[in-house]
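Here are a few short exercises to work through with the model open beside you. Try each task yourself before reading its solution.

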Amino acid sequence: HLSSLTFDVCSSFIARRFVSPEKKLISSSGLGNPMWMSNLSSFTGQLFKKYAGIEIHGILHMITQSLNEGGDATSRVILLRELLVQMGGITLIEEANAEQLEGKAGSQLLKSISQSFGGSTSVRL
């Protein structure tokens, strides 16, 4: 069992990794986001979902401050997206067709059945 101080320190270290100047914000190919950013964002979202006692205000404050300051806030937007997806249990559907969209308005059974319609890509993060 970990103490609340341990969780707060963990949250602080995560925030420091996202604002670390020696980390590259663009992948080595020059396209997209680096793997460390995606992996750390996903880990952070899963961590905050599993351990509800962790203080999330510091991370959210860091995200909002960097977005307000302007500049390159790519890593912060990715982190915010992962927090919302992981903690909210959201399923992302890319390229949904009309049948899938109509099916998502129904019951849980209809939602699960409509997800398999068509050739769209469904991503569960």
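**Exercise 1.** Is the crossing of α3 and α4 left-handed or right-handed?

*Ground rules.* This is a predicted model, where local features need pLDDT of at least 70 and side-chain atom pairs count only at pLDDT 80 or more, while totals for chains, interfaces and linings use all residues. Residues are numbered from 1 along each chain as its sequence is written, and side-chain values use heavy atoms, with hydrogens and water left out.

*Solution.*
- Step 1: find the helices. Helix α3 covers residues 57–69 and helix α4 residues 74–88; helices (H or I, at least four residues) and strands (E, at least two) are DSSP runs, numbered from the N terminus.
- Step 2: get the geometry. The two axes come within 9 Å and cross at roughly 140 degrees. Axes are lines fitted to C-alpha atoms, for helices over the stretch in contact, and angles run from 0 to 180 degrees between N-to-C directions.
- Step 3: classify the angle. α3 is oblique to α4, given that under 35 degrees is roughly parallel, over 145 roughly antiparallel, 65 to 115 roughly perpendicular and the rest oblique.
- Step 4: read the hand. The crossing of α3 and α4 is left-handed, as the near helix is turned anticlockwise from the far one by less than a right angle (clockwise would be right-handed).

**Exercise 2.** List which residues of α3 meet which residues of α4, and sort them by type.

*Solution.*
- Step 1: contact means heavy atoms within 4.5 Å. From α3 you pick up I59, L60, M62, I63, S66 and L67; from α4 come R76, V77, L79, L80 and L83.
- Step 2: the residues of this contact of α3 with α4 split into nine nonpolar, one polar and one charged. Ala, Val, Leu, Ile, Met, Phe, Trp, Tyr, Cys and Pro count as nonpolar, Asp, Glu, Lys and Arg as charged, and the others, Gly among them, as polar.

**Exercise 3.** Now do the crossing and contact of α2 with α4.

*Solution.*
- Step 1: the axes of helix α2 (residues 35–50) and α4 come within 8 Å and cross at roughly 35 degrees.
- Step 2: the crossing of α2 and α4 is right-handed.
- Step 3: among the residues making the contact are S41, G45 and F48 of α2, and I78, L79 and E82 of α4.
- Step 4: the contact of α2 with α4 divides into six nonpolar, eight polar and two charged residues.

**Exercise 4.** Hunt down the salt bridge and say how accessible each partner is.

*Solution.*
- Step 1: the criterion is a side-chain nitrogen of Lys or Arg within 4 Å of a carboxyl oxygen of Asp or Glu. Searching the whole structure gives one hit.
- Step 2: R81 pairs with E82, with the closest N and O atoms 3.3 Å apart.
- Step 3: buried is under 20% relative accessible area, exposed over 50%, and partly exposed in between (1.4 Å probe, protein chains only). R81 is partly exposed at 39%, while E82 is buried at 8%.

**Exercise 5.** Place S11 and R16 in the fold, and state whether each is buried or exposed.

*Solution.*
- Step 1: S11 sits in helix α1 (residues 4–19), and R16 is found in α1 too.
- Step 2: S11 is buried, with 6% relative accessibility; R16 is exposed, with 55%.
- Step 3: skipping neighbours within four places in sequence, S11 is in contact with F48, I54, E55 and I59.
- Step 4: R16 and M62 are 46 residues apart in sequence and 9.6 Å apart in space, C-alpha to C-alpha.
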